[in-house]
Amino acid sequence: MDEENELIALRRKKLDALRSKGVEPFGAGFEPSGSIAEVREKFKERETLRAAGRITAHRDMGKSHFLDLRDATGRIQIYIHAKEVGAELVDLFRLLDIGDLVGIEGTCFLTKSGEPTIKVRTLRMLAKALRPLPEKWHGLQAIEVRYRQRYLDLLTNERSRFVFEKRIAIVRETRRFFEERGFLEVETPILQTIAGGAAAEPFYTHHKALGLDLYLRIAPELYLKRLLVGGFNKVFEISRNFRNEGISRKHNPEFTMLEAYWAYADFEKMANLVEELITHLAQVVCGSLQIEHGDGDGKITCTINLKRPWRRARYYDLVREAAGKDWFKLSSKQRRERAIREFKLEILPQLADFEVTQHVFEKLVEEATVDPLFVTHCPKELVPLAKQNAEDNSLVDVFELIINGTEIAPGYSELNDPLLQRQRLLEQAGEETQKIDEEFLLALEYGMPPAGGFGIGIDRLTMLLTGAESIRDVILFPLLRPKK
RNA sequence: GCACCGUUAGCUCAAUUGGCAGAGCAAGUGACUCUUAAUCACUGGGUUGCAGGUUCGAUUCCUGCACGGUGCACCA
């Protein structure tokens, strides 16, 4: 079908014409004087420079032609004059299209309007584009195509490229942050026989030679803790996790997680570390602690203030603030009535009391939070892998960091009692005792130092720092159904 | 999985109540020796996502399907 398209047919004809002239349309081995930004820096009138890039515009003046040559670093204008170059180059030039990749060599000069321009002396075809690029002014708008053919999005939408450059900077700076503090970056298995460390539906796969069913990890946690047992006292991993769940604005089936563990630290120390990390990233990546989020038209809808210190508050206090001072004095029935009538929540009758409270918390506290908030001392039912609070056994020593209505990072004082850990995992597994990671429990029995740990979803953090409203805008190739 | 919305030229978008499917960019031809969203003239380009239905007539109304978006559900 596409082969019938006249635009493609024409370009194929030009491709054939190039070959019949003995010009290879997909060249190799061109050495430019640098990236186009570097070429602009080296630009000096009458100097000879070489540049490589994609032709993105062609302004035809008859005998004079101006073209824009672009790469990710910038744009430079090149110039060809029909009477000042040989017939061979003119012929070659006629077969160029917008979108082609070329390498040129020529002399620097300034046009009368002062534009740095290279007058082409030789031109090498590097790659003929057989399909036209999206329109130059509006760029590529179709959301689906931007995800499916991300290269077109990156090529035509500067904003999109900035988002991914920021994401790259976030990962790079995160590594530097941890290395400066003596943390070791480690790699742990993605293929696991038991998908532990979180409660999520895993993907499964199979190893042929071993005849072994395997899962893709849902979290690296249980392996990082084995390393704490092994004496690596400060470790972190930036890793892809896989969860076989629904896709949404905030969920992609594969996503990138940062997890860090620090022996002898506790959840409060980890909260400090998270605060330092995120403010550092905001400073380096955004140059500011005021993060603006806007709607599609660029109107600013909210400003997140990351200035330290961040508020820390206990779970029960926050619930009382939002749901009423008397909330925990109410009967189970009264709470349900209030949740349904006043807070307009859907509360199914089979929910436990703590789940009713959690629903209220999510709606009234979480969704309303803009600036960073550490929620601490959660009820233990919500977080079974954390240490119990020394003064109140119904609470655990954890924080949940909330920014802009989203859970950004949970952190714990990690449970290191192997017997209690076994009990919690058993409670969680219920009937499915095969899901208990015995190797992990074995490791704990050798003694794991008390430690603080936390996890941050890199994707959601990138959303926060770039103002992206969808996780697909911060993942280069988000999962989509194949197009038939 | 459920609900709502969307899908028109290579790209960005129009199309009145159901009445000849259009524009800009891109493309082709021509003009122009400094343009830069170049300009000017002319030309080509469409199975309106796919399959049905209603109708004299469907981009428009109805049904089903595909893909996407948003919300819900799922998501220690």
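Tutor: A residue is near a molecule or strand if one of its heavy atoms lies within 4 Å of it. This is a predicted model, in which local features need pLDDT of at least 70 and side-chain atom pairs pLDDT 80 or more, while totals for chains, interfaces and linings use all residues. Residues are numbered from 1 along each chain, chains are lettered from A and ligands numbered from 1 as written, and side-chain values use heavy atoms, without hydrogens or water.

Student: How many residues surround RNA strand B, and which are the closest?

Tutor: There are 52, and E6, S113, K136, E144 and Q428 are the closest. Of the strand's atoms within 4 Å of the protein, 60% are sugar or phosphate and the rest belong to bases.

Student: What makes the pair between K136 and RNA strand B a polar contact?

Tutor: A polar contact is a pair of N or O atoms within 3.5 Å. An N or O atom in the K136 side chain is 2.4 Å from a phosphate oxygen of strand B, so the pair qualifies.

Student: Why does R472 count too?

Tutor: Its side-chain N or O atom is 3.0 Å from a phosphate oxygen of RNA strand B, so that pair also fits. For A199, a backbone N or O atom lies 3.0 Å from a sugar or linking oxygen of the strand.

Student: Why is α6 called a helix?

Tutor: A helix is a DSSP run of H or I with at least four residues, and α6 (residues 158-180) has 23, so the length condition is met.

Student: What is known about burial in α6?

Tutor: Its buried residues (under 20% relative accessible area, 1.4 Å probe, protein chains only) include F164, I170 and F177. Just after α6, G182 has a positive phi of about 80°.

Key
Helix = DSSP H or I, 4+ residues; strand = E, 2+ residues; numbered from the N terminus. Expected span 1.5 Å × (residues − 1). Buried < 20%, exposed > 50% of the residue type's maximum accessible area, 1.4 Å probe, protein only. Polar contact = N/O pair within 3.5 Å; in protein donor to acceptor, adjacent residues only side chain to side chain.
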